[in-house]
Amino acid sequence: MQKNKYIVLFLSIVLFTQCEVEYKDFKPSNGEADFTTYVALGDSYTAGYTDGALGRRGQESSFPNIIAGQLATVGNNGFTQPLVKSSGSVGSAGLGYLDLEIAGQSLLPVPGAGDMAIFAERVYDASAPVHNLGVPGATAASLLAPAAGGNPFFSRFSSNQTTSVVIDALVQDPTFVSLWIGINDVLGFALGGGENGAPTSPLQFANSMGTIVSQLFTDTGTKGVIATIPDIKDLPYFDAISYDALEIDQTTADLLNAAYTQYNAVSVAMGLPKIEFVAGKNAFVIADKDYAHLGKIRQIKKDEKILLPALGYIRNTETGWGSKTPIPVEYVLDAEEVDKINSATEAYYETIKSIANQYGLAFVDLNSVMKEISEKTVSEDKGVAMDGNKYSSTFVSGGLFSLDGVHFTARGSAIIANEFIKAINKQYNANIPQAPINSYGTVTYP
Amino acid sequence: MNRLIFAVLLATLAVNSYAEGYQVNVQSQKNTAMGHTGTALMLGASSIHFNPGALSLMEKTYDFTLGGNFVLSDITFSKQNSMYQAETNNPTGTPFYFYGAVRLTDRLAAGLGVNTPFGNSLAWNKDWDGRYLIQDISLKAIVVQPTLSFKISDKLGFGVGAMIVFGGVDLNKALPLMGQDGEEAHVNINGSTTAFGFNAGLYFQASDALSFGLDYRSKVSMKMEGGDAKFSVPSSLAAAFPANTKFDAELPLPANLTFGAGLKVNEKFTLAVDLQYVFWDAYQELVFDFEPNTPQLEDSKNPRNYENTLIYRLGAEYVVSKKLIVRAGAYYDETPIPDDFVNPETPGMNKIGVSGGASYMLTNNWSLDASILYITGVEREAGYQPANFYGAYNSRAIIPGIGITYTF
């Protein structure tokens, strides 16, 4: 029976070793950067604005907060956010978070009530300075302006009523700074359908940016990361409604063609294109106050954009916007307006890129990242695969963008954070772990 | 808003953890103890599986053997560029076998085998990072093999068996759709089928000391038709994922060609080698054909791109006394899965198996067979490119087994 003892021994040894299957451990390292005091400057993206409002849920998954969570492995001393005290949320228009609701056969984002008291909160604490200085609505210039130009999101947590975002950052003597600003320099114009003002001029943008970075990064020790802004056409807000999404049957097409008989007679007389409908997909009818036709309406062209809020008014019938009734001008970006936005975005891109080079900052080309995602969205690939799932810029179902069509879901925010981390690792030979994107939520359905 | 398009990446099916791919190589305690060699050995009724050609040359008139194993397996995942780590919580697998052989005439023997050469259970935590690829899977295939073996000459035997395969799969995966209640959507895929193949072998006793064997087990196409795909999704998406969705899918059980040699060094000591070639290239793609399709629920095509592999096996047997025989062996099992197609549902890696065991004669007719197999996976950093899911996999398995044999 000696043999049996050996068998028992062999069995126990094997069972013991079985308990310890190996892992391959990740070894974090800060490389050439010091992440002790990390401060984030920016706009609503930095603040954690999502689903059309600022609230605790979005703040907790703001991309700088996610980055800071990963920086904890490489010496970060903690990251304080100006968290909303209530359980509510509030957006620039005074409304709360958007939620998907069932509207007939489809789903529609509907805003909840906004908690205006959030604007009156003071969350500043001199003993625990705020590291996330993201201010919804901020432009490059407003980061330098006293009280961020009177922005109520800033007055919640600013150190005093006359300080600027940049000053409040410098007071903390940051060792590492992230700066992602500029989208509002075009968005203010774009969200209004291009009817008011103009994008910030490239020169003015370059001046503001130059001042910001010279103040932030003059101290030789301070390192940082800077990011480009996405093209608006890569945001669902401007891309969710395709120009030719009016899908009708022959009967409806006949009715509409009859209704435009008089318009088309004028078109022929003036040598302008007629408004015509067929069964299937049709270009929407939009208002255009500068159009030569006396009716001041026409069908939209391929490169022109319809803004997301028009969604609730569009029907695939003769009633609703875009068929018998034109989509109003403030819901449309025409070709000229799109051009203005594009040329401003391109100029900002060059400014940001040259700043990154000049100051040796980590450079996150989010413009290219978003472009790749949106190109793959419409290709066979239907998005970019990350950690087991595909993400696209498709509104609602793409997983990346929240219900406001501009800002990210929590998971989208983690994906952005990982883009920052990749750039930081590359620039500073660091080894910061990526955030687990699947641990963050995405759009929720009723 | 009829633009909701969800790429439902229903990957999956197929599993592993005992042998590479989703083969299970513990088909008899005696053979398992010898590194799962046996193509050129006369180890009794288990030749029904290893080489039906050897059956006609067996010494006994009756040989019945029955046994089973416990597969205690564990796999770890360390995500690429991340602190994230996970470990499976696999249920204990219980492969089993029964072989019965009867000599009908001097030249003819018949047998019946029932075993489980493919299958497995693999379970990650429900909320783990790879849940959109797989949460858990249970793949089962029971092979019933009636077999005839003919002695061509005193040195040469030929046998063939019909493989009747009863297979089933049950898997769960999460879908990246979240309800307002915080629950994530998920799908359960469940189907079963019956398929057929054959097992043919030649056994050649070159001399008293030297033997050779060649065995071919054919590919079996497990075609599942009308399996159930049960979607659990937020109520507003119910129409996009119909309640009674069915699926068709096909999973190939690959063909195996094994060449073996046996050498009786002396009366007490026998050595065996097997070279097993597995035609894994049969597994190029896994397609789930859903019925009905909706704009959100398209058919799911998942590239697999498996490659043919070779398993190298070595085994030894030593007769200690009239009552006791001890055995030992080892093997090296190559992974059929290319670096960019390693999916956590079948996290393949090269594996080294070490085994040992013994048979103890309880009486003249009854013997007790035991084996233990220890498998270590060689750490593999790889991933599944179509879903961009990468990391390092490690695995270990301990497989004790016991069986009884009755001969006369």
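This note walks through strand S21 of chain B and the strands that pair with it.

1. A word on the source: this is a predicted model, in which local features need pLDDT of at least 70, side-chain atom pairs count only at pLDDT 80 or more, and totals for chains, interfaces and linings use all residues. Residues are numbered from 1 along each chain as its sequence is written, while chains are lettered from A and ligands numbered from 1 in the order in which they are written.

2. Let's start with S21(B), residues 389-407. Strands here are DSSP runs (E, at least two residues), numbered from the N terminus. Of its 19 residues, 14 are buried, so the strand is largely enclosed by the rest of the structure. Buried means that 20 or more other C-beta atoms lie within 10 Å of the residue's own, with C-beta atoms placed from the backbone.

3. Next, the pairing with S19(B), residues 366-377, which is antiparallel and spans eleven bridges. Two strands pair if DSSP finds at least two bridges between them. Here B:Ser371 sits opposite B:Gly401.

4. B:Gly401 also stands opposite B:Asn69. Strand S1(B), residues 62-69, runs antiparallel to S21(B), with seven bridges joining them.

5. Strand S2(B), residues 72-79, is antiparallel to S21(B) too, through eight bridges. Look for B:Thr76 across from B:Asn394 in S21(B).

6. Finally, S20(B), residues 380-384, is joined to S21(B) by five bridges, again antiparallel. B:Gly383 has B:Tyr390 as its bridge partner. The hairpin of S20(B) and S21(B) has four residues between the strands, and B:Asn388 takes a positive phi near 50 degrees there.

Technical notes: A residue is buried if 20 or more other C-beta atoms lie within 10 Å of its own, exposed if 12 or fewer, and partly exposed in between; C-beta atoms are placed from the backbone.
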